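Student: I've just opened this model and want to take one small part of it slowly. Could you start from a single residue and work outwards?

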Amino acid sequence: DGAAVGICMYDVDGRRSGELVDPAGVRPPRPLPGMVTGWAPDGRWVVVEENGPIELVDPITRRGVLALRAHHDETIPMWVGRDRLASASRDGAVLLWDVASGAGAGRLLGHTGEIVRIAVRGGRVLTASRDGTARIWRADGSALVIAGGHELVDAAWLDDGAVVVAD
C-alpha cells in the first residue's frame, strides 16, 4: 500500500519494547531508500545499499545523512567501530571510511577476485574472496592470508576467535 515500514525494537527475551518514531510520535513518512545491510553500533544510522553508493540513513526520518561512493558495483558494508565502516566489492578492494567526515580512511588491497564476505571482530576485518583466499586484516593494513584452495563462498569468526571458511 506504499506505507512506510516501522522499525521495531525488541528486548533480549524477544518482547517488543518499542518502535522508532519521530519526536512528534509520527511514524516515518517514507520507506527506507534501499536494502538495509546494517546498523551503526549505537543505532543512530542504518546502512542502506541499493546498487549504488552506501548510504547512511537516519532511521527515524528516513533521510540520507551521508553517501559513500567509491566502488563501481554492489558493495558489502560492515561496521568496524563507532565511526568507522568498511566496504568490500567485486573489485577485490576493501575501503575504510570515517563516517563522521565521509572521508576515505584507507584501502586494504590484496584480493584478486570478488570479495563475497566481510566480517569484523575486535577491530580486525576478515574477508573471503573468489580468488580462493580469506584474509585477516590488521589495523596497520597488513593481512594474514588463509588459503582455501577454491573460490570461497563464505568466512566467519567463531566464538573462540578462530576463522572458518567455506569453498
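Student: Leaving aside its neighbours within four places in sequence, which residues is Ala40 in contact with?

Tutor: Before we dig in, keep in mind that this is a predicted model. Once you skip the neighbours within four places in sequence, Ala40 is in contact with two tryptophans, Trp45 and Trp79. Those three turn up together again in the largest nonpolar core, a group of twelve residues. The other members are Val47, Ile54, Leu56, Leu66, Leu68, Leu85, Leu95, Trp97 and Val99. If you ask which elements give two or more residues to this core, the list is strand S5 (54–57), S6 and S9.

Now step back to the strands. S3 (residues 35–39) and S4 (residues 46–49) pair in the antiparallel sense, over four bridges. Two of the facing positions are easy to pick out on screen: Val36 stands opposite Val48, and Trp39 stands opposite Val46. As a reminder when you look along these strands, side chains in a regular strand alternate between the two faces of the sheet. The hairpin of S3 and S4 has six residues between its strands, and Gly43 takes a positive phi near 80° there.

While you're around Gly43, have a look at Asp42 and Arg44. These two form a salt bridge, with 2.8 Å between the closest N and O atoms. Asp42 is partly exposed, because its relative accessible area of 39% falls between the 20% and 50% limits. Arg44 comes out at 28% relative accessibility, so this residue counts as partly exposed too.

The hairpin belongs to something wider. Its strands sit in an open sheet of four, in the order S3-S4-S5-S6, with antiparallel pairing. The edges are S3 and S6 (64–68), each of which pairs on one side only. From one strand to the next, the twist averages 30°.

Let's move along to Val80, which has its place in strand S7 (residues 75–81). Val80 has a relative accessibility of 22%, so this residue is partly exposed rather than buried, the cut-off for buried being under 20%. Not counting residues up to four places away in sequence, Val80 touches Leu85, Ala86, Val120, Gly123 and Val125. One of these, Leu85, is a name you'll recognise from the core. Trp97, another core residue, is 17 residues away from Val80 in sequence, and their C-alpha atoms are 9.4 Å apart in space.

Back to charges for a moment, since Asp42 and Arg44 aren't alone: a search of the whole structure finds six salt bridges. Side chains of opposite charge can pair when their charged atoms come close. Some of these pairs join up, and Arg90, Glu114, Arg130 and Glu151 are linked in a network of salt bridges. Glu114 is a good place to start reading this network. Its salt bridge with Arg90 has the closest N and O atoms 3.9 Å apart. Glu114 lies in the loop between S10 (103–108) and S11 (115–121), and Arg90 in the loop between S8 (84–89) and S9 (94–98), so the pair ties together parts that are 24 residues apart in sequence. Glu114 also meets Arg130 in a salt bridge, at 3.2 Å from N to O. Arg130 is in the loop between S12 (124–129) and S13 (133–137), so this second pair ties together parts 16 residues apart in sequence. As for exposure, Glu114 is partly exposed at 25% relative accessibility, Arg90 is partly exposed at 44%, and Arg130 is partly exposed at 35%.

One last stop is Thr133, which is found in strand S13. At 14% relative accessibility, Thr133 counts as buried. Its side chain makes a polar contact with the side chain of Asp131 at 2.7 Å, and one with the side chain of His111 at 3.3 Å.

Notes:
Residues numbered from 1 in each chain as written. Predicted model: local features only at pLDDT ≥ 70, side-chain atom pairs only at ≥ 80, totals over all residues. Heavy atoms only, no water. Salt bridge = Lys/Arg side-chain N within 4 Å of Asp/Glu carboxyl O. Buried < 20%, exposed > 50% of the residue type's maximum accessible area, 1.4 Å probe, protein only. Pairing = 2+ DSSP bridges. Polar contact = N/O pair within 3.5 Å; in protein donor to acceptor, adjacent residues only side chain to side chain. Axes fitted to C-alpha atoms, helices over the stretch in contact; angles between N-to-C directions. Core = buried A, V, L, I, M, F, W, Y, C linked by side-chain atoms within 4.5 Å. Contact = heavy atoms within 4.5 Å.
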